Amino acid sequence: MEQYAIKGGNPLVGDVEIAGAKNAALPVFAAAAMTDETVYIDNIPDVSDIDVILNAMSSIGVTVKRIDRHKVLINAGNIHNLTIENEGCKKIRGSYYLLGAFLGKYKHAEVVLPGGCDIGYRAIDQHLKGFRALGAEVIIEHGLIKARAEHLRGGHVYMDKVSVGATINVMMAAALAEGATTIENSAKEPHVVDVANFLNSMGANVKGAGTDVIRIKGVPRLHGTDYTIIPDQIEAGTYMFAAAVTKGDVTVKNVIPKHLESITAKLLEIGCEVKEADDSIRVVASKPLVHSQVRTLPYPGFPTDMQPQITVALALAKGTSIVTESIYENRFKYVDELIRMGADIKVEGGDTAIIDGVGKYTGASITVPDLRAGAALVTAALAAEGFTLVDDIRYIERGYEDFPLKLRNLGAQIEVVESEKEYQKFKLKVG
């Protein structure tokens, strides 16, 4: 089993190129299956979640050709099965986007109930409510979500809670429904906007993405397109906080600074210098970090996917900080691992972490509980005194392209090892 071996203590310094957004690419792939014409998609991240959904699409007759590591050709003109039961799809959340895509195109879809990281209950009720508002019958049977409509018609959908997945799924189905659809209380995340832009590039009529109300006029069909995925705001934010945690100086490149405003604001608040350019942001942590209060919120608030990263930073900051998780109820599972490294954190009520800053972390053997917490724990290890062995790195590989390589290019001492012998060899090599 692969693990990360890390020796901490080196500030991260240099430039890092940010990959395309995984959370945009997954629904864009699903939307690409809504036309029989060829679609070219560029700037896709080379991570395991991407492989899972592309393999699932291939298994039902979609032509998927990886032109290179970051560009793919998709042609869904010969789909022979509308049931997605691929074993890998049980493990990733993004597989459910095929529901909205196929319901729109074929008026019928069956997709295995999705999985993903164990960070709390993530209901699909808003998805089902939205599909039903468009005239579909939806049931859950034998582990599958089954949706069918004789006629898919536009309707009014009010989201009871802000949901990125439900907003995207309903938007895709409505793009090929008869008449007009309004989605109120819609999610405003950058990847929602990216999917809307992608649909429009294929001939859809979607307006208002990025606001509280999205309006869609259904069209009879969609056509092929050539599209580039937006940069990954969470990958960018992870390296920005890695600079803060390791007292480094990191420039993240290929980013959209506006997407990172809530992250930038918190870095400034805790004592970092942040310098923005057109498509890059430099973070310098030359002063001691100071305490803060953080509450995760839907975009444009502070992202739940950045909560572990800022907690790792605040655990090294002077004073007492409070982090409140308002999106998922099980997102502090990583705290026990951080305590193992010397952090002083108490979780109360399952949704609030009270953090008393400590002077340093120390290396330990730790286990990754989920994708974002895994990346955050690696940044803690990079700042720690001594050696850290990180287990269950498969979670991290779901969402971070070339993570050890990019970190090494910034001066980190990190390697992938597969045995105790390799770990001991690493320790001897780096001293």
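**Figure 1. Valine 250 and its bridge partner in strand 17.** Valine 250 has valine 283 as its bridge partner in strand 17. Strand 17 (residues 280-284) runs antiparallel to strand 15, and 5 bridges join them. Strand 15 (residues 249-253) also takes 5 bridges from strand 2 (residues 13-17), this time running parallel. Over there, valine 16 is matched with valine 252 of strand 15. Strands count as paired here if DSSP finds at least two bridges between them; helices (H or I, at least four residues) and strands (E, at least two) are DSSP runs, numbered from the N terminus. Before moving on: this is a predicted model, where local features need pLDDT of at least 70, side-chain atom pairs count only at pLDDT 80 or more, and totals for chains, interfaces and linings use all residues. Residues are numbered from 1 along each chain as its sequence is written, and side-chain values use heavy atoms, with hydrogens and water left out.

**Figure 2. Tyrosine 239 and phenylalanine 403, with company.** The whole structure holds 8 aromatic pairs (ring centres of Phe, Tyr or Trp, the last by its six-membered ring, within 6.5 Å; planes under 30 degrees apart are stacked, over 60 edge-to-face, the rest tilted). In this one, the ring centres of tyrosine 239 and phenylalanine 403 are 6.0 Å apart with planes at 65 degrees, so it goes down as edge-to-face. Tyrosine 239 belongs to helix 7 (residues 233-245) and phenylalanine 403 to helix 13 (residues 403-409), so the pair ties together parts 164 residues apart in sequence. Tyrosine 239 is buried, at 1% relative accessible area, and phenylalanine 403 is buried too, at 2% (buried is under 20%, exposed over 50%, partly exposed in between, with a 1.4 Å probe and protein chains only). Ring pairs also bring in Tyr400, making a cluster of Tyr239, Tyr400 and Phe403.

**Figure 3. Phenylalanine 387, with a ring partner and a charge.** Phenylalanine 387 and phenylalanine 426 have ring centres 6.1 Å apart and planes at 85 degrees, so this pair is edge-to-face. It links strand 23 (residues 387-391), home of phenylalanine 387, to helix 14 (residues 420-430), home of phenylalanine 426, 39 residues apart. Phenylalanine 426 is buried, with a relative accessible area of 2%. Meanwhile, the charged end of lysine 427 sits over the ring of phenylalanine 387, 5.5 Å from its centre (the rule: NZ of Lys or CZ of Arg within 6 Å of the ring centre and within 35 degrees of the ring normal).

**Figure 4. Methionine 171 in the largest nonpolar core.** This core has 79 residues, and Phe29, Ile41, Phe102, Met171, Met172 and Leu199 make the most contacts inside it (a core is a set of buried Ala, Val, Leu, Ile, Met, Phe, Trp, Tyr and Cys residues joined through side-chain atoms within 4.5 Å). Helix 5 (residues 164-175) gives the most to the core, 9 residues. Beyond its neighbours within four places in sequence, methionine 171 is in contact with residues including Ile183, Val192, Leu199 and Ile216 (contact means heavy atoms within 4.5 Å). A second, separate core of 70 residues includes Val16, Phe241, Ala381 and Ile393.

**Figure 5. The buried residues of helix 8.** Ser262, Ile263, Thr264, Lys266 and Leu267 are the buried residues of helix 8 (residues 261-269). Their cover includes helix 7, strand 17 and helix 9 (307-314). Just after helix 8, glycine 271 takes a positive phi of about 110 degrees.
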